[in-house]
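Here's a quick tour of charge pairs, a surface patch and a helix. Keep the viewer open while you read.

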Amino acid sequence: MDGELEIKSIDSTLHNVDLAPIPHSKRTWGWFEIFNVWSNDIQSLFGYTLAASLFLSYGLNGWAVMAAIILAGVIVMYLVNLTGKPSVKYGVPFPVMIRASMGVRGANLPAMLRAIIGIFWYGVQTYFASTAVALLITALFGAGDGSTFLGLSGVAWVSFVIVWIFQIAIFWQGIDRIKHFLNWAGPLVYLVMVALMIVVWVQAGSELLPAIATIFSGGGERSGSGIVAFLAIVGTMVAYFAAVVINFGDFSRFVRSEREMKLGNLLGLPLNVAFFSFIALIITAGTLVLFGDALTNPADIVERVDSLPLTIVAALTFFAATVGINLVANFIPPAYDLANLFPSRISFKMGGLITAIIAFFIGALWVSVISQIGVPGFVNALGAIIAPFYGIIVVDYYLVRHQQLDIQQMFSSAPDSAYYYVKGWNHKALMAFGGAALFSISSVWVPALAALNGYAWLIGAGLGGLFYFLLMRGQRLPASAHL
């Protein structure tokens, strides 16, 4: 099998060592590594804030919110099992895998859109990780003189630069170092979150359960039915994972077997999301008792608890968890996507460096500009843009090609090659993407479609797959040798 994954004819416009298939004998990831991809994803400061805010923002019964979050975890698990499987089989990343449907040149469109979204999240998560470092510096050395620039204090700027440089240093040492970093950051953050929950629980005492009951009663206000709110929460959580769902092959290509990938997804998604959301609920209710406000940012909570040892440990852990998922979910994909654009000129490392430089400015502007747009709406809008590619990838692999690809042809730009189509572009896939993306992004931005904006990603993915299937139904596929 390893010999069949070796590319026999090298086209420098489509191939470099980072994009080439990984032989099965060189894959070192198991279920634990996949579990930690998801652990770090939801355990980041941004993930915690989103999970906690869902209990407060939708005016829905807390049990219903919990069920919606778990259902989203189950949905995402099944979605990534579908996109992860072909990369386990063929060992190639997302921008190579999508050449089969979009064309060997057309693949650059989804790759670059995914890169833009990854770079955006990389900048945002770098800022969130820096808040943990700022918390640590403030606890040890004080807050400084209070002056700010672009909404950030001097301590905040120093913290942001420290995190930015640290992430580049880790990334530069390669995928194995990232894997090790992720493997200890994921479990460690659970220990600290449980410790924080216990501290808050003890301090809140007998008032905690009534506070939980208050949150579970759904005291907020929301127009529309409970079903609409429920589906909106499911859609928002799915959209949070959307970018990783589409390019999950970037991670599953390192996994030893499909079985290990599925086990990692089961433990890392529905089970992990349920447990983490429970912790977020308890802590949020505790802050309502202790401080009179339902705080959703862990850094604010640790600061209010006023325990120096807890502050130090929590700050380091939140920093590690957020950096971990940033490296894997928001650094690796754009690095591959940019390398796919010019394989002979941009290596995986160079793509990562370009990502970091652009993301620096996004993170620096998060407080003063970008965050004012509103987090849930922004998550949904970004997810909606690339959602159709999920449907296109899945329909192409499972329904059009019946799980058979020609790995040699995926690296060929010869006019008669299987995935060349018209000058390297599959115009039918392009039409399917355009039609579906127009509808899904409209559901976020057009007021008349506001009822759909919580699940724009699911709509976009479904329409992308449907349009692609209908357009490709009459397409005569070139004969090719299959693995």
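First, a yardstick: a residue counts as buried when its relative accessible area is under 20%, as exposed when that value is over 50%, and as partly exposed in between. Bear in mind that this is a predicted model.

**Charge pairs**

Side chains of opposite charge can pair when their charged atoms come close. How many salt bridges does a search of the whole structure find? The search turns up three, and here they are with their N to O distances.

| Pair | N to O distance |
|---|---|
| Glu260 and Arg256 | 3.1 Å |
| Lys262 and Glu258 | 3.2 Å |
| Arg401 and Asp396 | 3.0 Å |

Let's take Lys262 and Glu258 to begin with. Lys262 has a relative accessible area of 39%, so it falls in the partly exposed class. Its partner Glu258 comes in at 25%, so that residue is partly exposed too. Both sit in helix α13, which covers residues 258-291, and because they are four residues apart there, about one helical turn separates them.

Now for Glu260 and Arg256. Buried or exposed: where does Glu260 land? Its relative accessibility is 17%, and since the cut-off for buried is under 20%, Glu260 counts as buried. Arg256, on the other side of that salt bridge, has a relative accessible area of 43%, so it is partly exposed.

That leaves Arg401 and Asp396, whose closest N and O atoms are 3.0 Å apart. Here both residues are buried.

**A nonpolar patch**

Over on the surface, Trp31, Leu263, Leu266 and Leu271 make up a nonpolar patch, and together they have about 340 Å² of accessible area. Which helix gives the most to it? That would be α13, with three residues. Trp31 belongs to helix α1, which runs over residues 31-43. With a relative accessibility of 35%, Trp31 is classed as partly exposed, because that value lies between the 20% and 50% cut-offs.

**Helix α19**

Last stop: α19, made of the 17 residues 456-472. Does the end-to-end geometry add up, or what span should you expect? At 1.5 Å a residue, α19 should span 24 Å, and its end C-alpha atoms are indeed 24 Å apart, so the two values agree. Quite a list of its residues is buried: Ala456, Trp457, Ile459, Gly460, Ala461, Gly464, Gly465, Tyr468 and Met472.

Terms used:
Residues numbered from 1 in each chain as written. Predicted model: local features only at pLDDT ≥ 70, side-chain atom pairs only at ≥ 80, totals over all residues. Heavy atoms only, no water. Helix = DSSP H or I, 4+ residues; strand = E, 2+ residues; numbered from the N terminus. Expected span 1.5 Å × (residues − 1). Buried < 20%, exposed > 50% of the residue type's maximum accessible area, 1.4 Å probe, protein only. Salt bridge = Lys/Arg side-chain N within 4 Å of Asp/Glu carboxyl O. Patch = residues over 30% accessible without salt bridge, like charges linked within 9 Å, V, L, I, M, F, W, Y side chains within 5 Å. Areas by Shrake-Rupley, 256 points an atom, 1.4 Å probe, with all protein chains shown as cover.
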